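Please read this note beside the coordinates. The points are kept short and can be checked one at a time.

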Amino acid sequence: IAGVVVLVIAGVGVAFLLGAFDSLLGRGKPEVEEVVEIPPGPPVYHEFPQMVVDLKKTGSRIHYIKIKVVAEIVSRDLPLMVAAELKITDKIQSYLRSQTRKELAGREGTEKMRSDIEKIITIVMGPVKFEGVLFREILLQ
């Protein structure tokens, strides 16, 4: 009888060490945190402050551009864009200062400017769902 008791105690000890009783003692597997994905939501428009920037000088005359940029972004990511607005505005102004009036004039210039501003916003914002850039006002002088 003593041998059977020793075998039962040894079996229970081995089962305890192997984790057979963990669920009974509340030491089960750690619970996995559930990741909740926020749906992107409808697109919203964020208007950047009006910018007046002097363009790259090509002759004796200095040219300026006055521009209002509006970004189309999903509502979920709007707070991220508002937080990065200063950095985006600075990079857009730096980009415009490196351009000449001739490069920005006309339809091709506007489309090139739109594409470049979209690249700037994408680089600053990272993996955010960004839809595109619209212009509320463009004035070249």
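The numbered points below concern a predicted model.

1. Helix H6, extent. H6 covers residues 106–125. Its 20 residues reach 28 Å from the first C-alpha to the last, close to the 28 Å expected at 1.5 Å a residue. After the helix comes Gly 126, with a positive phi near 75°.

2. Helix H6, buried side. Which residues of H6 are buried? They are Gly 109, Thr 110, Met 113, Arg 114, Asp 116, Ile 117, Ile 120, Ile 121 and Met 125. These buried residues pack against two strands, E3 (64–74) and E4 (130–140), and against helices H3 (78–83), H4 (85–97) and H5 (101–104). Charged residues are included in the buried set, namely Arg 114 and Asp 116; both have salt-bridge partners, taken up in points 4 and 5.

3. Nonpolar core. The largest nonpolar core has 26 residues, and Ile 65, Leu 96, Met 113 and Ile 121 have the most contacts inside it. Strand E2 (51–54), E3, H4, H6 and E4 each give two or more residues to this core. In soluble globular proteins, nonpolar side chains tend to be buried together. Met 113 can serve as an example: apart from neighbours within four places in sequence, it is in contact with Ile 65, Ile 67, Tyr 95, Leu 96, Leu 104, Phe 135 and Ile 138.

4. Arg 114 and Glu 111. The closest N and O atoms of this salt bridge are 3.4 Å apart. Why can the two residues meet along H6? They are three residues apart in the helix, and so are separated by about one helical turn. Arg 114 is among the buried residues of H6, whereas Glu 111 is partly exposed, with a relative accessible area of 40%.

5. Asp 116 and Lys 112. Here the closest N and O atoms of the salt bridge are 3.0 Å apart. The spacing is four residues in H6, so about one helical turn separates Asp 116 from Lys 112. Asp 116 counts as buried because its relative accessibility is 15%, under the 20% limit. Lys 112, at 37%, counts as partly exposed.

6. Other salt bridges. The structure holds seven salt bridges. One of them joins Asp 77 to Arg 76, with the closest N and O atoms 3.3 Å apart. Is Asp 77 buried or exposed? With a relative accessible area of 7%, Asp 77 is buried; Arg 76 is partly exposed at 32%. Elsewhere, a network of salt bridges links Glu 47, Lys 68 and Arg 136.

7. Strand E1. Tyr 45 lies in E1, which runs over residues 43–47. Leaving aside neighbours within four places in sequence, Tyr 45 is in contact with Val 70, Ala 71, Glu 72 and Leu 134. The C-alpha atoms of Tyr 45 and Glu 131 are separated by 9.7 Å, although the two residues are 86 residues apart along the chain.

8. Nonpolar surface patch. Which residues make the nonpolar surface patch of about 360 Å²? The patch is made by Ile 1, Val 5 and Ile 9. Ile 9 belongs to helix H1 (residues 2–18). Its relative accessible area is 58%, so Ile 9 is exposed, the limit being over 50%.

Note on methods: Residues are numbered from 1 along each chain as its sequence is written. This is a predicted model: local features need pLDDT of at least 70, side-chain atom pairs count only at pLDDT 80 or more; totals for chains, interfaces and linings use all residues. Side-chain values use heavy atoms; hydrogens and water are left out. Patches are made of residues with over 30% relative accessible area and no salt bridge: like charges are joined within 9 Å, nonpolar side chains (Val, Leu, Ile, Met, Phe, Trp, Tyr) within 5 Å. Accessible areas come from the Shrake-Rupley method with a 1.4 Å probe; for residues, only the protein chains shown count as cover. A salt bridge is a side-chain nitrogen of Lys or Arg within 4 Å of a carboxyl oxygen of Asp or Glu. Buried means under 20% relative accessible area, exposed over 50%, partly exposed in between (1.4 Å probe, protein chains only). The expected span of a helix is 1.5 Å times one less than its number of residues. Contact means heavy atoms within 4.5 Å. A nonpolar core is a set of buried Ala, Val, Leu, Ile, Met, Phe, Trp, Tyr and Cys residues joined through side-chain atoms within 4.5 Å.
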